[in-house]
Amino acid sequence: MADFHYDVVIIGTGPAGEGAAMNAAKKGKKVAVIENRNMVGGNCTHLGTIPSKALRHSVKQIIQFNTNPMFRDSGEPRWFSFPQGLRNAEQVIDKQVKVRTEFYGRTRVSLYSGHAKFVDPNTLDVISSTSTNHVRLHAEQVVIATGSSPWRPDNIDFEHSRIYDSDSILTLEHTPRTMIIYGAGVIGCEYASIFSGLGVKVDLIHPGDRLLNFLDDEISDALSYHLRDKGALIRHNEDFDSVEVNDKFVTLKMKSGKKVKADAFLWAAGRSGNTEGLGLENTGLSANSRGQLDVDHSYRTAVDHIYAIGDVIGWPALASAAYDQGRAAAADITDMEDFRYVSEVPTGIYTIPEISSVGKNERELTEAKVPYEVGQAFFKNIARAQITHEGVGMLKILFHRDTLELLGVHCFGDQAAEIVHIGQAIMSQKGEGNTLKYFVNTTFNYPTMAEAYRIAALNGLNKL
């Protein structure tokens with residue numbers, strides 16, 4: 001067994017692991033990364049963010065083609081299959097792998113392929129699935145960035161060809177006529193949009209009383225409306241009991257006694273941290289019931305030199321936050337001054353239309369008894385949205401009635417995840433720079449979607 005010594009060993013090459021590796025290497029540390037796939041990128045690139053968003057884009061283009069009068073005049077609507085939609089995702093994945101592999105090469109980070117297992121708190125074996133020649137790595141610091149996987153209840157047969165989770169759904173080789181999605185979190189809602197956009201009749205089963213209840217209520221209501229408008233049936237306050245499946249269909253039984261039948265079933269209710277088989281028992285660490293590790297505000301675990309970042313620590317479980325957490329962990333290791341604990345994270349949800357928000361929502365401000373006002377801009381009235389036939393949606397700004405300080409920005413519609421960052425940038429300013437006046441005292445390009453900020457600001461000021 002070959003032995004190698006490093007300053008930092010990182011387990012995982014998703015956004016968290018990449019952020020840690022790049023930052024530590026650029027600050028002079030000798031870095032190694034262990035990846036259990038034969039390609040870098042982690043679950044984000046191969047199973048999660050990249051493929052699902054690329055697939056969503058393909059479906060959105062199909063919807064635009066079939067609803068745009070310019071194209072409809074030339075013939076009947078076109079039908080596209082789920083595998084056809086995945087082709088774009090496969091091309092994007094290949095490009096992402098190529099560019100990210102180059103990152104590791106340019107920064108001289110050693111890349112090991114295999115399963116990582118702790119021998120002791122400072123030693124890891126890299127166990128290859130294709131070779132008997134294992135490698136042993138010794139490290140001063142270790143960063144666990146192994147990500148997460150769908151949580152699978154024991155009483156569901158995930159080996160059956162009609163049953164999927166959010167990873168295996170990317171292997172679907174046909175387009176079902178009907179589908180049950182259990183779990184209406186971010187993943188469930190995104191896939192409900194995707195399949196509804198392909199003309200699949202979707203039953204979206206949700207244990208709660210409203211979709212994505214962390215969102216502003218008005219935005220959540222808008223999402224519900226547009227999913228239903230595309231034919232999805234949303235069933236609130238229903239808990240999973242069991243799934244029966246045969247060669248013809250799958251039946252979901254709920255604790256209320258109701259039964260729903262469909263061609264396919266997608267389980268989208270929760271994820272678990274990827275810590276099984278890591279040999280944590282040899283470090284003194286243990287994961288919680290969902291496979292997640294506890295960390296302090298420096299991303300250190302209970303073992304001082306072992307860090308954990310990304311989905312394996314739970315909230316916020318976003319690729320954007322994971323990359324910043326990786327950079328932060330590397331900053332703590334290298335004693336850099338630019339460390340920051342990642343706490344203010346914008347929400348980006350890639351439903352159709354998409355959703356994004358930052359800051360407080362109306363419910364939170366009301367409960368805190370903050371005197372706020374609302375400024376709105378509806379996309380149907382914005383020239384750029386009319387040009388692109390993307391009139392669904394709105395921008396909503398929440399601001400303090402007395403100081404005009406920005407308190408929250410909520411957006412629903414085309415390019416929402418891009419638009420929200422303008423508000424985020426202004427919210428982060430100090431003093432008078434963080435007020436509604438910025439938007440009325442700044443000239444925006446016309447026609448643009450960004451112009452919505454000026455319209456929403458004027459709308460809000462007119463209410464005072």
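The expected span of a helix is 1.5 Å times one less than its number of residues, where helices (H or I, at least four residues) and strands (E, at least two) are DSSP runs numbered from the N terminus. Helix α3, which covers residues 49-67, has 19 residues and reaches 27 Å from its first C-alpha to its last, close to the 27 Å expected at 1.5 Å a residue. This is a predicted model, in which local features need pLDDT of at least 70 and side-chain atom pairs count only at pLDDT 80 or more, while totals for chains, interfaces and linings use all residues. Residues are numbered from 1 along each chain as its sequence is written, and side-chain values use heavy atoms, with hydrogens and water left out.

Among the buried residues of α3 (buried means under 20% relative accessible area, exposed over 50%, partly exposed in between, with a 1.4 Å probe and protein chains only) are Leu55, Arg56, Ile62 and Asn66.

From the helix we can turn to the nonpolar cores, each a set of buried Ala, Val, Leu, Ile, Met, Phe, Trp, Tyr and Cys residues joined through side-chain atoms within 4.5 Å. The largest of them has 50 residues, and those with the most contacts inside it are Val31, Leu137 and Ile144. Elements that each supply at least two residues of this core include β1 (2-11), α1 (15-26), β2 (31-35) and β6 (135-144). Leaving aside neighbours within four places in sequence, valine 31 is in contact (heavy atoms within 4.5 Å) with residues including Tyr6, Val8, Ala21 and Val109. Apart from this largest core lies another, of 39 residues, and among them are Leu55 and Ile62, two residues that are also buried in α3.

Further along the chain, three strands form an open antiparallel sheet in the order β12-β13-β14, where two strands pair if DSSP finds at least two bridges between them. The edge strands, each pairing on one side only, are β12 (240-245) and β14 (259-262), and the twist averages 20° from one strand to the next.

Five bridges join β12 to β13, residues 250-254, and a hairpin connects these two strands through four residues. Across this pair, valine 243 stands opposite leucine 252, while glutamate 244 has threonine 251 as its bridge partner. On the other side, four bridges join β13 to β14, with lysine 253 opposite lysine 259. These strands also form a hairpin with four residues between them, and glycine 257 in the turn has a positive phi of about 100°. Strand β13 itself is mostly covered, since four of its five residues are buried.

Definitions and conventions:
Axes fitted to C-alpha atoms, helices over the stretch in contact; angles between N-to-C directions.
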